[in-house]
Amino acid sequence: HCSMATIESQQQVKEYTIHVGNISYKTTRRELSEFFTMFGEVKHCYIAKDRRKGWSRGFGFVSFYNAESIERIFNSSDEDLVLEDRLLRVSYAQSKKQRRIIVDENNTTVGNEVQVLQVKECQEELTKNVRYENSTVLSDDALFLVFSFLELKDLITVERVCKRWYELIRKFWHSKKLLHFRNIFTPFKGQCRGLTDKTLLSILKRTCGELQYLDLSASAYQLSDFALDIIGTYCPKLIDLDLTRATLTQTSVKLLSSKMSCLKRLTLKTCGLSEKCLWWFLHNLNHIEYLNIQGNRQITGKCFYIARGKLIKTIIMNDCINFTDEGLQFLSQ
């Protein structure tokens, strides 16, 4: 019968170090160090970062010169551990390696030095010392509801909080039916940074083709005609599409409309729509019921002959000043 005993190397320099989790991604190492000086003199502070992008990974380590500082931290209230509106999670730091010596009842060595840090021991230590936020005990359904109230940019940011949140948000993206970009892109130093093709591609990939309503009216001014190809590829189930002020070409419109078999509502306000582009939309969209071409002054209406037999219930043509009588005759038919 053997018992287990763990001892640290006598040559190891003793440090009083804590692990700090749930650190804001905006918090710097200096700010974290200054925050913990209220508990004692800080010897060293470190925030883990992503190797490729240099982003904070949301956790780090803080070392002190004495055990009293750490004791004051664990005896403090939750309010004392709030930094930038986040409740920091603190626990005793675990060394990567320790010496484990196996001894029998007569204290004679029967084993060699091995690595100690194992998953089960780590979980027990964290359970004993970590201060948990309320969000960590929420069910998946409750977190799902919380995510539904987040803005788009915040939803993307919290994907990196932990693996559990990442997987839940991925499922949330798959269930998302409506997507818009209102009040997301704000002016910066006199310039407004809008939605780009690259950003749109990254977002639409997350939805896995389940999106039914897409509104680009607030952020389409920096998108190229390639954006239409992206939409056609990743949003085949769209029912309602708003392309107000988007860049349209005959090629991109032809590709998009050929993939939108379910589209019923289409908004094309003030996007420089040509007669040929509108012809492709009317030719390929067999289930279109609502069409808004307001502000497109190039449209004469002659292309509406192709819409005969289609069940278009509503067409909005405000400020289409070049619309002809011939075009109105095709509409009436």
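This report describes a pocket, a helix pair and one buried threonine in a predicted model. Local features need pLDDT of at least 70 and side-chain atom pairs count only at pLDDT 80 or more, whereas totals for chains, interfaces and linings use all residues. Residues are numbered from 1 along each chain as its sequence is written, and side-chain values use heavy atoms, with hydrogens and water left out.

The second largest pocket (an open set of points on a 1 Å grid over the protein atoms alone, where a 1.4 Å probe fits, with protein on both sides within 12 Å along at least five of seven lines) holds about 630 Å³ of space, the volume filled by probe spheres set on the points. Of its 17 lining residues (an atom within 4 Å of a point), Lys-53, Trp-55, Ile-156, Arg-160 and Arg-206 are the closest to the centre. The largest share of the lining, four residues, comes from α7.

Helix α7 also packs against helix α8 (residues 226–234) at about 5°, with axes 10 Å apart, which makes the two roughly parallel (angles under 35 degrees). The contact (heavy atoms within 4.5 Å) includes Leu-200, Leu-201 and Leu-204 of α7 and Phe-226, Ile-230 and Ile-231 of α8.

| Residue set | Nonpolar | Polar | Charged |
|---|---|---|---|
| Lining of the second largest pocket | four residues | four residues | nine residues |
| Contact of α7 with α8 | eight residues | one residue | two residues |

Elsewhere, Thr-267 lies in strand β14 (residues 265–267) and, at 9% relative accessibility, counts as buried (under 20%). Not counting residues up to four places away in sequence, Thr-267 touches Leu-241, Asp-242, Leu-243, Thr-244, Tyr-290 and Asn-292.

Conventions: Buried means under 20% relative accessible area, exposed over 50%, partly exposed in between (1.4 Å probe, protein chains only). Ala, Val, Leu, Ile, Met, Phe, Trp, Tyr, Cys and Pro count as nonpolar, Asp, Glu, Lys and Arg as charged, and the others, Gly among them, as polar. Axes are lines fitted to C-alpha atoms, for helices over the stretch in contact, and angles run from 0 to 180 degrees between N-to-C directions. Angles under 35 degrees count as roughly parallel, over 145 as roughly antiparallel, 65 to 115 as roughly perpendicular and the rest as oblique.
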